[in-house]
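Trainee: I'd like to go through this one slowly and ask what each label really rests on. Can we look at it together?

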Amino acid sequence: MMFLPSKKDLKTALEVFAVFQWCLSAFIIGGRRLTCVRHWRLWKEYCDYFPLKLLKTHDLSPSHNYIVVCHPHGLLSHSYFGHFATEASGFSKIFPGITPYLLTLGAFFWVPLLRDYVMMTGICSVSQSSMDFLLTHRGTGNMLIVVVGGLSECRFSVPGSTTLVLKKRMGFIRMALRHGVALIPAYTFGETELYNQHIFTPGGLVNRFQKWFQSMVHIYPCAFYGRGFTENSWGFLPYARPVTTIVGKPLPMPKIENPSQQTLDKYHAVYISALRNLFDQHKTKFGFSETQELVIV
């Protein structure tokens, strides 16, 4: 008798395929937005795989522009793609009148052909010229999403980690002041739970190679692994674990075209304080103890 898969089996297979095809193209990025692509059913299966959830703490007015700063980066930033490059988690219903632009490294745009696939979701370069254009030539109601820890944060992406690369990251503060747009902290609970990673002995041969490689190409090579196509197999797909992104309260910023270092330090401290408050307000709901704190490096 022929085996016929159940509806549940078919849905699970479709979810796995949705995540698999994104993992293949995660480093091939662009920015020609097509609304129909953002609404593909495939992205709904992608979000259901984990599942992903997007929550807001405050409404946003379409008469202003915003820079949302997301933490942590994780290994492949699965949640930020699902939330901001697709409509699968309901972005337009959660933030009506707001247009999101997920930003990534400009070097990813150099890869031909396949980059056009994800360009249609509206992903753009995180370069200064790109951000200047989006904040000055697209009117209002624009949300720029920056995962500020970047690839440098990958080495801290292990289950239970709350370590963020943020202490010396000033570019997003400078950009917000340059245009006088509000900064919004966002923290994702569960992003670092999606893969396991082998941590090599500090100072050892492999660890020295990792640091050398990062100094040459700004990418920290990680020995990470997750699951395969079946639930209990080994592979490079993320584990199917719940991931929730909390978008915090907008922090109004004055318009200062050329801020001094003192000014940058001042608003950087204000931002970190707001981020810590956001994390502390929600951490116990997602498995962290009351004493767990963010570690800023």
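Trainee: What makes strand β11 largely enclosed by the rest of the structure?

Mentor: Buried means under 20% relative accessible area, exposed means over 50%, and partly exposed is in between, using a 1.4 Å probe and protein chains only. In this predicted model, five of the five residues of β11 (residues 243–247) fall in the buried class, so the strand is largely enclosed. Both faces are covered: Val243, Thr245 and Val247 are buried on one side, and Thr244 and Ile246 on the other.

Trainee: What are the ground rules for reading the model and its numbering?

Mentor: Residues are numbered from 1 along each chain as its sequence is written, and side-chain values use heavy atoms, with hydrogens and water left out. As the model is predicted, local features need pLDDT of at least 70 and side-chain atom pairs count only at pLDDT 80 or more, while totals for chains, interfaces and linings use all residues.

Trainee: Why is β11 called a strand, and how do you know which strands it pairs with?

Mentor: Strands are DSSP runs of E with at least two residues, helices are runs of H or I with at least four, and both are numbered from the N terminus. Two strands pair if DSSP finds at least two bridges between them. Five bridges join β1 to β11, running parallel, and Leu54 stands opposite Thr245 there. Four bridges join β7 (residues 182–189) to β11, this time antiparallel, with Phe189 opposite Thr244. Both counts pass the cut-off of at least two, so both are pairs.

Trainee: Which order do the strands of that sheet have?

Mentor: The open sheet has seven strands in the order β1-β11-β7-β2-β5-β3-β4, with mixed pairing. Its edge strands are β1 (52–56) and β4 (124–125), each pairing on one side only. Further in, four bridges join β2 to β5 (residues 142–146) in parallel, and the bridge partner of Val69 in β5 is Val146.

Trainee: Why are β8 and β10 at the edges in the sheet β8-β9-β10?

Mentor: That sheet is open, with three strands and antiparallel pairing. β8 (196–198) and β10 (234–235) each have a single partner strand, so one side of each is left without a neighbour in the sheet. Two bridges join β9 (residues 223–227) to β10, which just meets the rule of at least two, so they count as paired. Gly226 stands opposite Gly235 in β10.

Trainee: What makes a group of residues a nonpolar core?

Mentor: It is a set of buried Ala, Val, Leu, Ile, Met, Phe, Trp, Tyr and Cys residues joined through side-chain atoms within 4.5 Å. The largest one here has 42 residues, and Tyr46, Cys70, Phe84, Phe95 and Met143 touch the most other members. Helix α3 (residues 41–49) gives the most to this core, with five residues. A second, separate core has 37 residues, including Leu135 and Leu251.

Trainee: How do you know that His73 is buried while Ile219 is partly exposed?

Mentor: His73 has a relative accessible area of 9%, which is under 20%, so His73 is buried. Ile219 comes out at 34%, between 20% and 50%, so Ile219 is partly exposed. His73 lies in the loop between β2 (66–71) and α4 (78–84), and Ile219 in the loop between α9 (205–217) and β9. Contact means heavy atoms within 4.5 Å. Not counting residues up to four places away in sequence, Ile219 touches Leu151, Phe213 and Gln214, while the contacts of His73 include Tyr80 and Glu191.

Trainee: And Ser157: buried or exposed?

Mentor: Ser157 has a relative accessible area of 2%, which is under 20%, so Ser157 is buried. Ser157 sits in the loop between β5 and β6 (163–164). Leaving out residues up to four places away in sequence, Ser157 touches Gly74, Leu75, Thr192 and Gln197.
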